[in-house]
Amino acid sequence: MGILHDDVVIIRQSENEREPSVITINCPDKTGLGCDLCRILLFFGLSIVRGDVSTDGKWCYIVFWVVFKPTARWDSSRWELLKKRLVGACPSCSSASGISYYCSELQPPKPPDVFLLKVCCYDRKGLLHDVTEVLCGLELNIKKVKVSTTPDDTVMDLFFVTDTRELLHTKKRQEETYKALEDVMQDAVISCNIEKVGPEVTACSQASPFLPSAITEDIFNLEMSSELPSVSLTSNNVSVTMDNSLSPAHTLVQIICQDHKGLLYDIMRTLKDYNIQISYGRFYIKQGRKCEIDLFIMQADGKKIVDPSKQSALSLRLEMELRQPLRVAVVSRGPDIELLVANPVELSSKGRPLVFYDITLALKMLNTCIFSAEIGRHMIGDREWEVYRVLLDEGASLSIPRRKVEERVWKLLMGWE
């Protein structure tokens, strides 16, 4: 027996745009559930201003207070879609006497089908961002992209995507996608085609799992040394402390840091990768974007963390992820200028949402053209990273200081614009 399906996620929308909406989640627990929920909220463009988590290891109760940008368009259908995605992230439900109840049994998810979206069009500034915005709005997840520009200013965009709604194989869903793209590109579109691809095509399209050493040195210096890069490309004043004296069964982790987009997601994905369970947690933002987080945690074996080396490793990783959750660098590649952005991939193979969206938006705001772009996953050290390589148009990129490009992209990714 359990709770009714409709009561798993309850959303109380704020009547005042300045006040947060409240999302309550009541369902069976699983390690990493908080990470999965925070990723969904990040994908929907919501900022968490306060959060409470409580669980006995079998059942959890989570409350998020969220806000969205004033420019964002939210209606009842958007809220219903968000609720559907949050419910889908919770442990699976079963049917009892014709009524849906939640149970604790989990089925391994089926790998989503991958589709190749080919878009051929005439080039213009901001076009790649406009296309990316359409795909995000349609809940098409970009797994890989290859963009190239020909000498006659024709662009060929190849997007390898998966469909959150699992309907892209249908004619209706494909026509919906074509229309949305044509509406935003208008006369610029030449042709558009969608086809399902097999694993052999996807495998062939993958980049080499290892990056050249020159690139890793440019964007992963924080991984390799204790020295921080430019202060402007890090989040400052991060404090992580651990205490075993306040609870007989849990380790208390206290975090004080500056808020950024996806902050709670970055904490949750780190704990998920370490297979750490949260029994109780509290998160809130004070004035001046200062955040305070208290988490009572334990290991998978149900014990607190007493080993000093394990405490140190977890503290350093949390501090690292909060100081620099993404890497951003603009570098020279011979006569060309390349923007590099990288973010760590979860052990579950899920990446950070909307990174490519923010990159293309930042370049559009800078009035900078994109000559080519690629997304690939690579092994750096013992971790997998999602790396975005964007070759900037020579004429436009040279007129803007590289530092300005780095800072604009970084601030937009961190939600500081």
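## Helix H1 against helix H2

A crossing of two helices is called right-handed if the near helix is turned clockwise from the far one by less than a right angle. In this predicted model, H1 passes H2 in just that right-handed way. The helices involved are H1, residues 33-43, and H2, residues 76-89, and their axes sit 9 Å apart at an angle of about 160°. Angles over 145 degrees count as roughly antiparallel, so that is the label H1 and H2 get. On the H1 side, the contact is made by Leu33, Asp36, Leu37, Ile40 and Leu41. H2 brings Leu82, Arg85, Leu86 and Ala89 to the contact.

How much of H1 is covered? Mostly covered is the verdict, with 11 of its 11 residues buried. That list takes in Asp36 and Arg39 along with Leu33, Leu37 and Phe43, among others. Just after H1 comes Gly45, with a positive phi of about 75°.

## Two further helix pairs

H8 (residues 263-273) and H9 (residues 308-323) have axes that come within 10 Å and cross at roughly 150°. That makes H8 roughly antiparallel to H9. H8 passes H9 in a right-handed crossing. If you want to pick out the residues, look for Leu263, Asp266, Ile267, Arg269, Thr270 and Leu271 in H8. They meet Leu314, Arg317, Leu318, Glu321 and Leu322 in H9.

Next up are H10 and H12, the latter covering residues 402-414; their axes come within 9 Å and cross at roughly 135°. What does that angle make H10 and H12 to each other? The cut-off for roughly antiparallel is over 145 degrees, and 65 to 115 would be roughly perpendicular, so H10 and H12 end up as oblique. H10 passes H12 in a right-handed crossing. From H10, the residues in contact are Val355, Asp358, Ile359, Leu361, Ala362, Leu363 and Met365. Facing them in H12 are Val405, Arg408, Val409, Leu412 and Leu413.

## Aromatic pairs and a charge over a ring

How many aromatic pairs does the model have? The count comes to 5. One of them joins Phe356 and Tyr388, which are stacked, at 6.2 Å centre to centre and 15° between the planes. This pair links distant parts of the chain: Phe356 belongs to helix H10 (residues 355-365) and Tyr388 to strand E18 (residues 383-392), 32 residues apart. Buried means under 20% relative accessible area, so Phe356 qualifies at 5%, and Tyr388 counts as buried at 4%.

Another pair is Trp410 with Trp416, and this one is edge-to-face: 6.3 Å centre to centre, with 80° between the planes. Trp410 is buried, with a relative accessible area of 0%. Trp416 is buried too, at 17%. Elsewhere, a charged side chain meets a ring: Arg50 lies over the face of Trp65, at 4.0 Å from the ring centre.

## Helix H3

H3 runs over residues 127-137, and 9 of its 11 residues are buried, so the helix is largely enclosed by the rest of the structure. The buried residues include His129, Asp130 and Thr132. Leu127, Leu128, Val131, Val134, Leu135 and Cys136 are also buried in H3. Just after the helix, Glu139 takes a positive phi of about 65°.

## Positive phi in two loops

Some background for the backbone: most residues other than glycine have a negative phi. Asp153 goes the other way, with a phi near 65°. Where does Asp153 sit? Its place is in the loop between strand E8 (140-149) and strand E9 (154-163). Asp153 counts as partly exposed, at 48% relative accessibility.

Gln186 is not a glycine either, yet has a positive phi of about 55°. This residue lies in the loop between helix H4 (171-185) and strand E10 (189-197). Is Gln186 buried or exposed? The cut-off for exposed is over 50%, so Gln186 counts as exposed at 56% relative accessibility.

Methods: Residues numbered from 1 in each chain as written. Predicted model: local features only at pLDDT ≥ 70, side-chain atom pairs only at ≥ 80, totals over all residues. Heavy atoms only, no water. Phe/Tyr/Trp six-rings, centres within 6.5 Å; stacked < 30°, edge-to-face > 60°. Helix = DSSP H or I, 4+ residues; strand = E, 2+ residues; numbered from the N terminus. Buried < 20%, exposed > 50% of the residue type's maximum accessible area, 1.4 Å probe, protein only. Lys NZ or Arg CZ within 6 Å of the ring centre and 35° of its normal. Axes fitted to C-alpha atoms, helices over the stretch in contact; angles between N-to-C directions. Parallel < 35°, antiparallel > 145°, perpendicular 65-115°, else oblique. Contact = heavy atoms within 4.5 Å.
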